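Morning, everyone. I have one structure to walk you through today. Please have a look at it first.

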Amino acid sequence: MDVAIVVGIYFVILIGWGLFNFIKSNKRTDVSLESQYIGDRSFGTWPLLATLVASWASNYTLLAAAESGFRNGISGPIWYALGVALPILFFVWPVNIVAKIREAMPNGVTIVEYVGKRYDEKSRLASLIIVLVSNILYLISVVMAVGIVLSSLLNIDISTATIIGGAVLVLYTALGGFEAVVWTHVYQLVLAGLSVIVALILTIQNVGFTQFVDGIPSENLNFFAWGPLQMVDFFLVLTALTIASPVIWQRIFSAKDSKSASKAIWWFGPIWAPFAVGAGIMGMAAFMLMPDIAPASASTRFVMELFPNWAAILFLLGGLALVFSSGDATVNNIASIVQFDIIKKIVKKPLTKKQNLYIGFALQIVLGVISIAGALGFTSILGLLVINSAVNIALILPLYLGLVWKGTSSSGAFWSMVLSIGIGGTMLVLNLGPLANLASLVISTAVIIVVSYISKDAHTDLQQGGKYSA
């Protein structure tokens, strides 16, 4: 069967599923604005785990993990996997902040809502700007990944592939809503898992296990080849991206209880890590056999040139499934933030069910146009990951300390965010890289603690005996 037909059928299924759910939502009388973005707060551990693995970091898994293996040898997949899998554990260890989030915001929808309720309006606005900038950058990276995979699948230029893939992604997401997105993730994850298993088997067959091990250059066997400072920086920015991820908070809000959400997070690492390690090994194999190709395209070029046609199609469809899962989750989440934290604040008169439904649809289409335009201007997915993660560093302490320390004040949170992103961002623009991110974290930590101690404001502990904090 022609590749274009297979991809076309896949796209029709996605759009059809979204359209089915849009029509169903339009007919229902009990659909609320909340349900468009968190469902009915009824998801158990396994659907939550599937949507976490499929949406969280999966955009980068098959592409950026392969790029890291191509560039850095064995240290690439190892530190990439650790850098992504370990930070998410901070939601449940050493303090279970999942339980604290649910206790603080039993009816919460967005991460920005929490900041506004825990602190004050100026802190809410600061967090709103940071979250929007960070996650629009993330969405651009998703559409970039869609273009790379689709270009390899259809053998078309990457700009055309980016436009087509981005349009399909946004259309089925805008139509489907949150519940449709979550159940799509369950099926997309099965497809992706099958594709990675087949890809690893064929990688070993193409290179040979003994030849692969013996053929790795000695410099690529260096556990620290990525560079200690760069590895610490990667872990730091991934921790920022994780703790301040509105997509993860959205899934915590959608869980039926904190226990289900906590279990899903504990299981995330063991289920997700094989995807990253497998892709990293493919990147190393690609470097051995095709050292002159672009690192960002290591996995896609490798499978297209060395795998049988059916296997290459399966792998790229699996990759596309993961990329789409990242994209639909991000589009849906950004729309929820715009609708709840901007439109709902401005428009005081309650909107009807249909008005909310169509506003949500229009918002997601606009986000799609922005992300496609942005994707056409960037070249490195891994580089974009570091940039958008660095923006989130300013949010780590206000979010985490707000949940575990009653003394965290609104002034401390606000100035921590402003000075951290201001000074750290300036250093990043000056190409100071890891030092910029480290400085941003140090500044954020010092400011929020010192200012909180010297400024006890009305929002400290919300005057409610710690309802929204420890």
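Before I name any residues, one term. A cavity is a set of grid points where a 1.4 Å probe fits but cannot get out, and a lining residue has an atom within 4 Å of such a point. Keep in mind that this is a predicted model.

Now the cavities. How many of 30 Å³ or more does the structure hold? There are 4. The largest has a volume of about 70 Å³. Its lining is made by Ser55, Trp56, Asn135, Tyr138, Leu241, Ser245, Pro246, Val247, Ser326, Ala329 and Thr330. Find those on your screen.

Which helices do they come from? Three of them, α8 (121-154), α12 (246-254) and α15 (309-346), each supply at least two lining residues. The biggest share comes from α15, with 3 residues. By class, this lining has 6 nonpolar and 5 polar residues, and no charged ones.

Next, the second largest cavity. About 40 Å³ of space lies there. Around it sit Leu48, Leu52, Ile248, Arg251, Ile252, Ala261, Ala264 and Ile265. Helices α3 (45-55), α12 and α13 (258-289) give two or more residues each to this lining. Here the classes come out as 7 nonpolar, no polar and 1 charged. Note that α12 helps to line the largest cavity, and α12 also helps to line the second largest one.

Let's step back to the whole protein. It has 19 helices and 0 strands. Its C-alpha atoms fill a box of roughly 65 × 55 × 40 Å along the principal axes. Is the size what we would expect for a globule, or not? With 470 residues, a compact globule would have a radius of gyration near 23 Å, and this protein has 22 Å, so the two agree. Of the 470 residues, 61% are buried. Buried means under 20% relative accessible area.

One helix makes a nice worked example. Helix α19 covers residues 434-454, which is 21 residues. At 1.5 Å a residue, α19 should span 30 Å. Its end C-alpha atoms are 30 Å apart, so the span agrees. Several residues of α19 are buried, among them Ala436, Ser440, Ile443, Val447 and Val451. An α-helix has 3.6 residues a turn, so residues three or four places apart point the same way. Check that spacing against the numbers on your screen.

Staying with helices, look at Gly278 in α13. Gly278 is buried, at a relative accessible area of 2%. Which residue has its C-alpha atom 6.4 Å from that of Gly278? It is Leu200, and the two are 78 residues apart along the chain.

On to charges. Side chains of opposite charge can pair when their charged atoms come close. The structure holds 5 salt bridges. I'll show you three.

The pair Glu305 and Arg301 has its closest N and O atoms 2.8 Å apart. Why can these two meet? They are 4 residues apart in helix α14 (residues 298-306), so about one helical turn separates them. Glu305 is partly exposed at 45% relative accessibility. Arg301 is partly exposed too, at 34%.

Then Asp120 with Lys122, again with closest N and O atoms 2.8 Å apart. Asp120 counts as buried, at 14%. Lys122 counts as partly exposed, at 34%.

The third is Glu34 with Arg41, where the closest N and O atoms are 3.1 Å apart. Glu34 is partly exposed, at 30%. What about Arg41, buried or exposed? Arg41 is buried, with a relative accessible area of 15%.

Arg41 leads us to backbone oddities. Most residues other than glycine have a negative phi, and most peptide bonds are trans. Arg41 has a positive phi of about 50°, though it is not a glycine. Arg41 sits in the loop between α2 (35-38) and α3.

Asn155 also has a positive phi, about 55°, and is not a glycine. Look for Asn155 in the loop between α8 and α9 (158-207). At 73% relative accessibility, Asn155 counts as exposed, whereas Arg41 counts as buried.

Last one. Where is the cis peptide bond I want you to find? It runs from Trp93 to Pro94, with omega near 0°. Pro94 lies in the loop between α5 (75-85) and α6 (97-104).

That's my tour. Questions, please.

Terms used
Residues numbered from 1 in each chain as written. Predicted model: local features only at pLDDT ≥ 70, side-chain atom pairs only at ≥ 80, totals over all residues. Heavy atoms only, no water. 1 Å grid on protein atoms, 1.4 Å probe; cavity = no way out; pocket = protein on both sides within 12 Å on 5 of 7 lines; lining within 4 Å. Points joined across faces, edges and corners; volume = space filled by probe spheres on them. Nonpolar A, V, L, I, M, F, W, Y, C, P; charged D, E, K, R; others polar. Salt bridge = Lys/Arg side-chain N within 4 Å of Asp/Glu carboxyl O. Buried < 20%, exposed > 50% of the residue type's maximum accessible area, 1.4 Å probe, protein only. Expected span 1.5 Å × (residues − 1). Rg over C-alpha atoms; globule rule 2.2 N^0.38 Å.
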